[in-house]
Amino acid sequence: MLEDEKFMHRAIELALLAEREGNLPVGAIITLDGEVVAEGRSAIWVPEFDATRHAEIEALRAVQANLWESSDEMTLYTTLEPCLMCFGSILLHGIGRVVFGSADSYGGAGSVLEHLPPYFQERIEKTQWLGPIMPGECDSLHERLLALEEARRWQVQGEDAFPFAGADRGCGAIS
Ligand SMILES: [Zn+2]
């Protein structure tokens with residue numbers, strides 16, 4: 001658990017960095033044999049809008065190709081419970097353990113764990129799903145994410161150029 005907290009602190013640093021860069025405060029890292037092998041942070045707004053650049057996806061993309069054979073020994077740490085897109089990628093790539101800091105009852109994947117298609121059900125049975133382990137630190141990041149998202153929605157309303165203007169809750173809402 002102490003090691004989990006140490007690694008989650010690094011994910012928090014990345015979330016804060018993302019926020020300073022003008023993105024949502026979500027950070028993720030992937031570890032293998034007690035070492036950090038990949039890092040990612042939310043990048044959906046800056047430098048340009050990209051709906052897929054969630055912290056977890058960024059971290060998955062940063063893993064060196066030759067390490068994937070050990071994916072079941074990897075742990076992915078993320079400050080916020082993964083959304084369905086990231087959850088799907090994590091399972092498809094066979095990450096053995098997922099640890100998140102703050103629960104997301106609105107958009108997190110935890111609520112679908114009992115309702116997966118057979119392929120994903122087999123995968124999740126081999127995956128340890130642990131969290132929220134640090135709500136004291138990570139809930140405030142989650143709250144700021146929701147506030148930033150709300151502010152952004154007001155800012156862009158009426159601008160036709162923004163793909164989700166006027167949507168009740170854009171894709172950027174979720175980690
Ligand atoms: Zn996500």
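A nonpolar core, as I use the term today, is a set of buried Ala, Val, Leu, Ile, Met, Phe, Trp, Tyr and Cys residues joined through C-beta atoms within 7 Å. The model you see above is a predicted one, and I will start from its core.

The largest nonpolar core here has 36 residues, and Ala-11 and Leu-76 are those with the most contacts inside it. At least two core residues come from each of H1, strand E1 (27–32), helix H2 (55–62), E3, helix H3 (84–92), E4 and H5. H1 supplies the largest share, six residues. Take Leu-76 as the example. Once neighbours within four places in sequence are set aside, Leu-76 is in contact with Ala-28, Ile-30, Glu-56, Ala-59, Ile-90, Ile-95 and Val-98.

Now the overall layout. The chain has five helices and five strands, and along the sequence they follow the pattern α-β-β-α-β-α-β-α-β-α. Of its 175 residues, 36% count as buried. If we take the contacts between residues at least 6 apart in sequence, 60% of them join residues at least 24 apart.

Next, the strands in the middle of the chain. How many bridges join E3 to E4? There are five, and the two strands run parallel. One of the pairs is Leu-80 with Ser-102, the latter in E4. Between these strands the chain passes through H3, and this β-α-β crossover is right-handed. E4 is also joined to strand E5, residues 128–130, by three bridges, again in parallel. There, Arg-97 stands opposite Gln-128 of E5. E4, helix H4 (residues 118–124) and E5 form a right-handed β-α-β unit. As for burial, E4 is mostly covered, with five of its six residues buried.

H2 is mostly covered too: six of its eight residues are buried. Those six are Ala-55, Glu-56, Ile-57, Glu-58, Ala-59 and Leu-60. Note that Glu-56 and Glu-58 are on that list, and that Glu-56 appeared among the contacts of Leu-76. The buried residues of H2 pack against H1, E1, strand E2 (35–41), E3 and H3.

Then helix H5, residues 135–156. A quick check on its geometry: at 1.5 Å a residue, its 22 residues should span 32 Å, and the end C-alpha atoms are 31 Å apart, which agrees. Which residues of H5 are buried? They are Cys-138, Leu-141, His-142 and Leu-145. These four cover an arc of only 100 degrees around the axis, so they sit on the same side of H5. The background is simple: an α-helix has 3.6 residues a turn, so residues three or four places apart point the same way. The buried residues of H5 pack against helix H1 (2–20), strand E3 (75–80) and strand E4 (97–102). The face turned away from the buried side carries exposed residues, namely Gly-136, Glu-143, Ala-147, Glu-150, Ala-151, Trp-154 and Gln-155. Trp-154 is one of the exposed residues on that face, together with Ala-147 and Ala-151.

Now a few backbone details. Most residues other than glycine have a negative phi, and most peptide bonds are trans. Which peptide bonds go against that here? A cis bond joins Val-46 and Pro-47, with omega about 10 degrees. Pro-47 lies in the loop between E2 and H2. The bond from Gly-131 to Pro-132 is cis as well, with omega near 0 degrees. Pro-132 is in the loop between E5 and H5.

On the phi side, Asp-33 is not a glycine, yet has a positive phi of about 55 degrees. It sits in the loop between E1 and E2. Is Asp-33 buried or exposed? Asp-33 is exposed, because 8 other C-beta atoms lie within 10 Å, and the cut-off for exposed is 12 or fewer.

The last residue is Leu-116, in the loop between E4 and H4. Leu-116 has 17 C-beta neighbours inside 10 Å and therefore counts as partly exposed. Beyond neighbours within four places in sequence, its contacts are Gln-121 and Ile-124.

To recap, the core has 36 residues, with its largest share from H1. The E3 to E4 crossover through H3 is right-handed, and so is the unit made by E4, H4 and E5. The buried residues of H5 are on the same side of that helix. If you open the model yourselves, the places to look at in the backbone are Pro-47, Pro-132 and Asp-33.

Notes: Residues are numbered from 1 along each chain as its sequence is written. This is a predicted model: local features need pLDDT of at least 70, side-chain atom pairs count only at pLDDT 80 or more; totals for chains, interfaces and linings use all residues. The expected span of a helix is 1.5 Å times one less than its number of residues. A residue is buried if 20 or more other C-beta atoms lie within 10 Å of its own, exposed if 12 or fewer, and partly exposed in between; C-beta atoms are placed from the backbone. The arc is that of the directions from the helix axis to the C-beta atoms. Two residues are in contact if their C-beta atoms, placed from the backbone, lie within 7 Å. Two strands pair if DSSP finds at least two bridges between them. A crossover is right-handed if, with the strands pointing away from the viewer, the path from the first strand over the helix to the second runs clockwise.
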